Amino acid sequence: MSSKKIIVALDGNNLNKILKLTKKLKDEAFAFKIGYEFFFNFGLLGYKKIYSVSPKIFLDLKLHDIPNTVKNGHIAINKLKPIFSTIHISGGDEMMKSVNISKAFTKVLGVSILTSLDVEQTKKYYNKKNISLLVKKFANYAKKNGLDGIVCSPREIKFIREEVGKDFIIVTPGIRIDDKIKSDDQKRIETPKKAIDLGANFLVIGRPITESNDPLKVLKKINKALS
């Protein structure tokens with residue numbers, strides 16, 4: 001497993017600015033995450049420009065559809081050669097199994113419960129108040145159906161790692177450098193050091209790095225704390 005743990009999330013609507021940032025951070029980041037905002041703004045052209053700077057890309061499009069559609073979508077994604085892609089575990093067994101034939105290069109991570117959801121929301125939409133037990137169940141489904149890992153909040157890492165063992169990849173968003181942050185759209189958050197200590201393999205960090213006055217300095221500081 002890489003000694004570098006940080007996947008920098010690339011969001012925004014200024015491609016030149018994002019490219020400059022990628023070039024600045026590429027030697028200190030494990031990889032870069034491209035999600036909806038970037039992909040829908042800049043498409044394949046933008047993706048390829050980032051890929052030319054750093055080919056280690058986490059393409060986070062969270063596929064969720066009928067099995068055949070997801071299978072064909074992931075065949076297309078695999079041609080782009082991201083290191084990670086994502087599908088929703090809640091799409092069901094057959095949907096998860098459908099991507100197994102198209103994983104020649106890209107490792108597929110299952111999205112569990114979004115880090116923006118709190119207990120009230122999981123009770124409303126999943127009829128479960130215990131988020132940790134729910135995510136642990138999802139992790140088991142992901143592993144049994146052949147996925148390579150899971151995306152989960154820092155609060156569920158420990159339970160998942162105990163459940164699925166050391167070889168299952170855990171990628172964790174909801175990372176904040178200051179654990180005193182109150183106002184945030186992520187509900188279940190944690191600091192980088194705590195998340196790694198709990199058993200995460202990689203951490204997705206966006207705004208705390210990209211919106212700082214000195215992104216490279218912040219990333220180096222995080223790397224040093226994790227070394």
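Modeller: pLDDT is the predictor's confidence in each residue, on a scale from 0 to 100. The model above is predicted, and the chain has a mean pLDDT of 90, with 93% of its residues at 70 or more.

Biologist: Where in the chain is confidence lowest, and where is it highest?

Modeller: Among the helices and strands, the lowest mean belongs to helix H5 (residues 119-126), at 87, and the highest to S2, at 98. There is also a stretch, residues 179-188, where pLDDT stays under 50. For that stretch the model has 27 contacts beyond four places in sequence.

Biologist: Thanks! On to the sheet. What makes the eight strands a barrel?

Modeller: They close up in the order S1-S2-S3-S4-S5-S6-S7-S8, with parallel pairing. On average, neighbouring strands of this sheet are turned by 25 degrees against each other, direction ignored.

Biologist: How do you know that strand S1 and strand S2 pair?

Modeller: Pairing takes at least two bridges. S1 (residues 6-10) and S2 (residues 31-34) have four bridges, in the parallel sense, so they count as paired. As an example, Leu 10 has Ile 34 of S2 as its bridge partner.

Biologist: Which helix lies across S1 and S2, and what makes its direction roughly antiparallel to S1?

Modeller: That is helix H1 (residues 15-25), running at about 170 degrees to S1. Angles over 145 count as roughly antiparallel, so H1 earns that word. Helix H10 (residues 215-226) packs on the sheet too, touching S1 and strand S8 (202-205). The direction of H10 makes about 155 degrees with that of S1, which is over 145 and therefore also roughly antiparallel.

Biologist: Why are H1 and H10 called oblique to each other?

Modeller: Their axes come within 10 Å and cross at roughly 40 degrees. Roughly parallel would need an angle under 35 degrees, and roughly perpendicular begins at 65. The value fits neither, and H1 and H10 are therefore oblique. Their crossing is right-handed.

Biologist: Which residues make that contact, and how do they divide by class?

Modeller: H1 brings Leu 21, Lys 24 and Leu 25, while H10 brings Pro 215, Leu 216 and Leu 219. Five are nonpolar, none is polar and one is charged. Leu and Pro count as nonpolar and Lys as charged, so the charged one is Lys 24.

Biologist: How does H1 pack with helix H2 (residues 36-53)?

Modeller: The angle is about 35 degrees and the axes are 11 Å apart. This crossing is right-handed. From H1 come Leu 15, Ile 18, Leu 19, Thr 22 and Lys 23, and from H2 come Phe 38, Phe 42, Gly 46, Lys 49, Ile 50 and Val 53. By class there are seven nonpolar, two polar and two charged residues.

Biologist: What makes two of those polar?

Modeller: Thr 22 and Gly 46 are in the contact. Neither Thr nor Gly is in the nonpolar or charged list, so both count as polar.

Biologist: And at what angle do helix H6 (residues 131-144) and helix H7 (residues 157-164) pack?

Modeller: At about 35 degrees, with the axes 9 Å apart, in a right-handed crossing. The contact includes Val 135 and Ala 139 of H6 and Phe 159 and Ile 160 of H7. By class, this contact has five nonpolar, two polar and three charged residues.

Key:
Residues are numbered from 1 along each chain as its sequence is written. This is a predicted model: local features need pLDDT of at least 70, side-chain atom pairs count only at pLDDT 80 or more; totals for chains, interfaces and linings use all residues. Side-chain values use heavy atoms; hydrogens and water are left out. Helices (H or I, at least four residues) and strands (E, at least two) are DSSP runs, numbered from the N terminus. Axes are lines fitted to C-alpha atoms, for helices over the stretch in contact, and angles run from 0 to 180 degrees between N-to-C directions. Contact means heavy atoms within 4.5 Å. Angles under 35 degrees count as roughly parallel, over 145 as roughly antiparallel, 65 to 115 as roughly perpendicular and the rest as oblique. A crossing is left-handed if the near helix is turned anticlockwise from the far one by less than a right angle, and right-handed if clockwise.
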